[in-house]
Amino acid sequence: MRNPRIFSDQPLQAASTIELSESAANHVGRVLRMQPGEPLVLFNGQGGAWQAMVASVSKKAVTVTLQAVIAGDAQSPLVIELGQTLSRGERMDYAIQKATEAGVTAITPLWSERCEVKLNGDRLDKRVRHWQQVAISACEQCGRNVLPVIHMPQTIEQWLASRKTDLGFVLHHRSEQKLSGYQPPQSVSLLIGPEGGLSAAEIALAERHQFHALTIGPRVLRTETAPVVAIALMQYLWGDYR
């Protein structure tokens, strides 16, 4: 059984003993019930991971001794920026979790014409923090040491206007273009619509921003499934999937 991977938002340095952040201490001490002397891996989301050992556990604190730096960070060479239209229930969580596992670099929740999710004020801030925690948990599981950036929600028009990647794609089931027809890029933007799909005006807007319409196979994918399939194909063609 591999050592638990724990995210702790603080500076990490080999050959040092630190007190874990509150959330990390709760996970190590109360959820995993780890004891002094047991091994774990720590990372802070900024690159790199450290082999470590639990030094002490109490009701209020957990201390850990960092040992050696672990080589590798599982970071994809392909930069993928995902614009994911907001969806109901756990669908957004699923999209963020699986896109993180697949190696996405940044995720921006989007408002669209057919988006039925309404968030503002404290509810919006709380939801963004929740999505960030979903991404953290996915990184703990999949071995990534750099967290994807979870941006505050914005409109599709705002997101499209700020794109600077080599290629942009809007998922659209009425296109004949295939991913394999493009020269390998270093960075990609991917726009995913809501449950009811993007409107004709939104697809036209994306195309005016030099986004290419993209269809993945003959079946219509759900809004939370589409980014996972598309990112996996991009990683296979241009990234680190083999």
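Me: Which residues does leucine 190 touch, not counting residues up to four places away in sequence?

Reply: Good place to start, and keep in mind that this is a predicted model. Leucine 190 touches Glu81, Leu82, Gly83, Trp159, Phe169, Pro227, Ala230, Ile231 and Met234. One of these contacts spans a long stretch of chain: glycine 83 is 107 residues away in sequence, yet the two C-alpha atoms are 6.0 Å apart.

Me: Is leucine 190 buried or exposed?

Reply: The cut-off to apply is that buried means under 20% relative accessible area. Leucine 190 has 0% relative accessibility, so it counts as buried. Its place is in strand E11.

Me: Which strand is joined to E11, and in which sense do they run, parallel or antiparallel?

Reply: The general idea is that strands of a sheet pair through backbone hydrogen bonds, either parallel or antiparallel. Here E10 and E11 (residues 187-192) run parallel and are joined by four bridges. To find the register, look at leucine 167, which stands opposite valine 188 in E11. E10 also pairs with strand E12 (residues 212-214) in the parallel sense, over three bridges. In that pairing, phenylalanine 169 has histidine 212 of E12 as its bridge partner.

Me: Why is E10 described as largely enclosed by the rest of the structure?

Reply: Strand E10 covers residues 167-171, and four of its five residues are buried, so the rest of the structure largely encloses it.

Me: Now the sheet that holds E1: what is the order of its strands?

Reply: It is an open sheet of five strands, ordered E1-E3-E4-E5-E2, with mixed pairing. Strands E1 (5-7) and E2 (16-19) are at the edges with a single partner strand each, so one side of each has no neighbour in the sheet. On average, neighbouring strands here are turned by 40° against each other, direction ignored. For one pairing in detail, E2 and E5 (residues 62-70) run antiparallel and are joined by four bridges. Threonine 17 has threonine 65 in E5 as its bridge partner.

Me: Which strands does helix H1 lie across?

Reply: Helix H1 (residues 22-31) lies across E1, E3 (39-43), E4 (49-57) and E5, at about 150° to E1. Helix H3 (residues 121-142) lies across E1 and E3, and runs at about 150° to E1.

Me: Last one, on the surface: which residues form a nonpolar patch?

Reply: Tyr236, Leu237 and Tyr241 do, with about 290 Å² of accessible area together. Leucine 237 belongs to helix H6 (residues 226-238). Its relative accessible area is 37%, which makes leucine 237 partly exposed.

Definitions and conventions: Residues numbered from 1 in each chain as written. Predicted model: local features only at pLDDT ≥ 70, side-chain atom pairs only at ≥ 80, totals over all residues. Heavy atoms only, no water. Pairing = 2+ DSSP bridges. Helix = DSSP H or I, 4+ residues; strand = E, 2+ residues; numbered from the N terminus. Axes fitted to C-alpha atoms, helices over the stretch in contact; angles between N-to-C directions. Contact = heavy atoms within 4.5 Å. Patch = residues over 30% accessible without salt bridge, like charges linked within 9 Å, V, L, I, M, F, W, Y side chains within 5 Å. Areas by Shrake-Rupley, 256 points an atom, 1.4 Å probe, with all protein chains shown as cover. Salt bridge = Lys/Arg side-chain N within 4 Å of Asp/Glu carboxyl O. Buried < 20%, exposed > 50% of the residue type's maximum accessible area, 1.4 Å probe, protein only.
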